[in-house]
Amino acid sequence: MPDRESARHFIVLALDFGLKRIGIASGDTLTRSAHARGAVANGPQGPDWAVLQKYIADLRPARLAVGEPYNADGSASPLTETARRFAAELKQRSSLPVDLVDERWSSQDAEEKLRAARASGLRPRRVSKADVDATAAAVILERWFETQQTNS
């Protein structure tokens, strides 16, 4: 079976880690566009790994990108190490490469995008916390695409 990343273009799944929910977005390196997919429950017992594995099985990404939370000044936040542990376990469970992406302000950017979509009439329903988390994952993926462009 050929490597999922051996082709020039491939799918990337991005995750916005949070203590209550993990936002999910996907995109491909050809169009370089990110699409919010939903959110997965997270809690004291950890994430819903079965649902995460289903997203991976259904979307067949070649890479994963996990948001790495930092404070505004670039220092580690209280969630930084927890998100890193999640990324390490995700890599082990999925056998896929995982990139950490600076997620500073991603939730604020997501809220702004969703507010604008609602104000313009593109989004007819109220914005839920899960919507914000999934859109934040899309913001993280857009940032991942930007870093890949500068590294190419």
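This tour moves through a predicted model, from the overall fold to the sheet, the helices, the cores and the charged pairs.

**The whole chain**

Begin with the full chain coloured by secondary structure. Four helices and five strands are present, and along the sequence they follow the pattern β-β-β-α-β-α-β-α-α. Of the 152 residues in the chain, 41% are buried. Among contacts with a separation of 6 or more, 63% are between residues 24 or more positions apart.

**The sheet**

Select the five strands next. They form an open sheet with mixed pairing, in the order β3-β2-β1-β4-β5. The edge strands, each pairing on one side only, are β3 (33-41) and β5. From one strand to the next, the twist averages 25 degrees.

Now restrict the selection to β2 and β3. These two strands pair in the antiparallel sense over eight bridges. Which residue of β3 is the bridge partner of Asp28? Select Ser33 to see that partner.

**Two helices on the sheet**

Add α1 to the view. This helix lies across β1, β2, β3 and β4, and runs at about 150 degrees to β3. Then add α2, which packs on the sheet and touches β1, β2, β4 and β5. The direction of α2 makes about 170 degrees with that of β4.

**The largest nonpolar core**

With the sheet and these helices still displayed, show the side chains of Leu15, Leu52, Leu64, Val66, Phe86 and Leu90. Within the largest nonpolar core, which has 17 residues, these six touch the most other members. Two or more core residues come from each of β1 (11-16), β2 (21-28), α1 (49-59), β4 (63-68) and α2 (80-94). The greatest contribution is that of α2, with four residues.

Centre on Leu52 and display its surroundings. Which residues does Leu52 contact beyond its neighbours within four places in sequence? They are Leu15, Ile22, Ile24, Val40, Pro47 and Phe86.

**A second core and its aromatic cluster**

Apart from the largest core lies another, of 14 residues, including Phe10, Ala34, Trp144 and Phe145. Select Phe10, Trp144 and Phe145 together: they form one aromatic cluster.

The structure holds four aromatic pairs. In the pair of Trp144 and Phe145, the ring centres are 5.6 Å apart and the planes stand at 70 degrees, so the arrangement is edge-to-face. Are these two residues buried or exposed? Trp144 is buried, with a relative accessible area of 3%, and Phe145 is buried with a relative accessible area of 3%.

**Salt bridges**

Finally, turn to the charged side chains. Side chains of opposite charge can pair when their charged atoms come close. The count of salt bridges comes to six.

Select Asp99 and Arg63 to begin. Their closest N and O atoms are 2.9 Å apart, in a salt bridge that links distant parts of the chain. Asp99 is in strand β5 (residues 98-102) and Arg63 is in strand β4, 36 residues apart. Asp99 has a relative accessibility of 19%, and because buried means under 20%, this residue counts as buried. Arg63 is also buried, at 17%.

Move to Arg84 and Glu68, whose side chains meet in a salt bridge at 2.6 Å, N to O. Arg84 lies in helix α2 and Glu68 in strand β4, so this pair ties together parts that are 16 residues apart in sequence. Their burial can be compared by showing the surface: Arg84 is partly exposed, with a relative accessible area of 32%, whereas Glu68 is buried, at 8%. Add Glu81 to the selection to complete the set, since Glu68, Glu81 and Arg84 are linked in a network of salt bridges.

The last stop is the salt bridge in which the side chains of Glu89 and Arg93 meet at 2.8 Å, N to O. How many residues apart are Glu89 and Arg93? Both lie in helix α2, four residues apart, about one turn of the helix. Glu89 counts as partly exposed at 31% relative accessibility, and Arg93 counts as partly exposed at 40%.

Terms used
Residues are numbered from 1 along each chain as its sequence is written. This is a predicted model: local features need pLDDT of at least 70, side-chain atom pairs count only at pLDDT 80 or more; totals for chains, interfaces and linings use all residues. Side-chain values use heavy atoms; hydrogens and water are left out. A nonpolar core is a set of buried Ala, Val, Leu, Ile, Met, Phe, Trp, Tyr and Cys residues joined through side-chain atoms within 4.5 Å. Buried means under 20% relative accessible area, exposed over 50%, partly exposed in between (1.4 Å probe, protein chains only). Contact means heavy atoms within 4.5 Å. Rings of Phe, Tyr and Trp (its six-membered ring) pair if their centres lie within 6.5 Å; planes under 30 degrees apart count as stacked, over 60 as edge-to-face and the rest as tilted. A salt bridge is a side-chain nitrogen of Lys or Arg within 4 Å of a carboxyl oxygen of Asp or Glu. Two strands pair if DSSP finds at least two bridges between them. Axes are lines fitted to C-alpha atoms, for helices over the stretch in contact, and angles run from 0 to 180 degrees between N-to-C directions.
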